[in-house]
Amino acid sequence: MDSPLGTDIIYARDMQKATAFYARHFGFLTNGEVIEGLIELKHPGGGAGMLIHQAAKSVKFGQVGVKLSFHVKDVAAFAAQAKLRGLLFGAVHEANGYAFANAKDLDKNSISISSRAHRTNAIGGN
């Protein structure tokens, strides 16, 4: 069965601010236009796209069982650059030949950066 992950949907209090957050910190591209209640973001490097959706007032942010993990080659370097742009990651952790660090987006959704996909022994790795 061929079913690769194609889209992550992010619920946000402020769709424009959430869009700017993912564009600024992770390089996603968008025209920012709201179409059918969604703002679409794509990454120039490929991978899953994102849709920013207006959250209902009843949504409890930061309690959803989803974490977005962004593939980066150098976690410490990426975290240092993100800090300069106002995004603070926690400690860089090392495990099984890769590194990762965690943060929260504007609506307290869990996000991480990880070098796991770049391990030489990873599935489809270098």
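I began with helix α1, residues 15–26 (helices are DSSP runs of H or I, at least four residues, and strands are runs of E, at least two, numbered from the N terminus). At 1.5 Å a residue, its 12 residues should span 16 Å, and the end C-alpha atoms are 16 Å apart, which agrees. The expected span is 1.5 Å times one less than the number of residues.

I noted that this is a predicted model: local features need pLDDT of at least 70 and side-chain atom pairs 80 or more, while totals for chains, interfaces and linings use all residues. Residues are numbered from 1 along each chain as its sequence is written, and side-chain values use heavy atoms, without hydrogens or water.

Next I looked up burial in α1. Met15, Ala18, Thr19, Phe21, Tyr22, His25 and Phe26 are buried (under 20% relative accessible area, with exposed over 50% and partly exposed in between; 1.4 Å probe, protein chains only). Seen down the axis, they fall within an arc of 160°, so they line one face of the helix. The arc uses directions from the helix axis to the C-beta atoms. Lys17 and Arg24, on the other side, are exposed.

Then I checked the ends. Asp14 caps the N-terminal end of α1, with a side-chain oxygen 3.1 Å from the backbone nitrogen of Gln16. Gly27 follows α1 and has a positive phi, near 80°.

Last came the largest nonpolar core (buried Ala, Val, Leu, Ile, Met, Phe, Trp, Tyr and Cys joined through side-chain atoms within 4.5 Å). Of its 26 residues, Tyr22, Phe26, Ile52, Phe89, Ile111 and Ile113 touch the most other members. α1 gives the most to this core, five residues.

Notes: A polar contact is a pair of N or O atoms within 3.5 Å; within protein, one must be able to donate a hydrogen and the other to accept it, and residues adjacent in sequence count only if both atoms are side-chain atoms.
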